[in-house]
Amino acid sequence: MLKGTDFVSESAIVHFLEEARGVIADYEIPGFENLYRRLLRDALLKFNLRYRLDEPFSLRFLLPGSFANLYAELHRLNAGNGHLVGLLSDFEKAFDHYARTQDATDLKTCIGNASKYVEGLAVATCGKTGSLGDLCKEIKDWPHGAVEKALGNLYGFCSDYPGIRHAGNPAGVRRDLATRDATLVSVLLLTFTGYLSPALDERVVFGL
């Protein structure tokens, strides 16, 4: 019987599942190949796995899967740092709380806590305190200055929009925050963590 430990990586499992289809087809048992296809597709949906089964028969690794791997990597990296564990836990609780209440104040808390976690990770990486905007300038892993500015601008939004991190500037508000902002801004902030920690395993993020 095969076990997860028999495979060296997630991609090895994917390769095995794809190759198994060819072996099954070679047996030429009526309906057997379609049964395998249906069972695999049902398993992907039931367990919310990070792949989609495309025709003719290919397991497609999707962006949400890569982000899920990145999020799991953050938990691994946090394991030795109680401060980061607490900051990420604060964000997760705030996100869950807003999802339940749909309250405008809880929405700001959710985004604010996401930015505080990212700032905490930058502090841990740089080994010095400072705002996320200032610490962006200390990070040397940016592929382009525009990417660095993008995170700096996100931090600026969190600092300038009233009630997220500070009193803010009401004159800069173009609209009230909406439900989509809780997800989109939080995802954007957390995605940037890939640039903030040199210990992050890029192969794990891509399931390799």
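This report covers two pockets and one buried glutamate, Glu119, in a predicted model.

## Largest pocket

The largest pocket has a volume of about 400 Å³. Its lining comprises 16 residues, and those closest to the pocket centre are Leu70, Thr191, Gly194, Leu200 and Val205. Four elements give two or more residues to this lining: helix 3 (63-78), helix 8 (179-191), helix 9 (193-196) and helix 10 (202-205). Helix 3 gives the most, with 5 residues.

By class, the residues lining the largest pocket are 10 nonpolar, 4 polar and 2 charged.

## Second largest pocket

For the second largest pocket, the volume is about 240 Å³. The residues that line the second largest pocket are Phe157, Asp160, Tyr161, Asn169, Gly172, Val173, Arg174, Arg175, Asp176, Leu177 and Asp181. This lining divides into 4 nonpolar, 2 polar and 5 charged residues.

## Glu119

Glu119 lies in helix 5, which spans residues 104-126. Glu119 counts as buried because its relative accessibility is 14%, and the cut-off for buried is under 20%.

The side chain of Glu119 forms a polar contact with the side chain of Arg165, at 3.0 Å. Leaving aside residues up to four places away in sequence, Glu119 touches Gly130, Ser131, Leu132, Leu135, Tyr155 and Arg165. Arg165 thus appears both in this list of contacts and as the side-chain partner in the polar contact.

Notes:
Residues numbered from 1 in each chain as written. Predicted model: local features only at pLDDT ≥ 70, side-chain atom pairs only at ≥ 80, totals over all residues. Heavy atoms only, no water. 1 Å grid on protein atoms, 1.4 Å probe; cavity = no way out; pocket = protein on both sides within 12 Å on 5 of 7 lines; lining within 4 Å. Points joined across faces, edges and corners; volume = space filled by probe spheres on them. Nonpolar A, V, L, I, M, F, W, Y, C, P; charged D, E, K, R; others polar. Buried < 20%, exposed > 50% of the residue type's maximum accessible area, 1.4 Å probe, protein only. Polar contact = N/O pair within 3.5 Å; in protein donor to acceptor, adjacent residues only side chain to side chain. Contact = heavy atoms within 4.5 Å.
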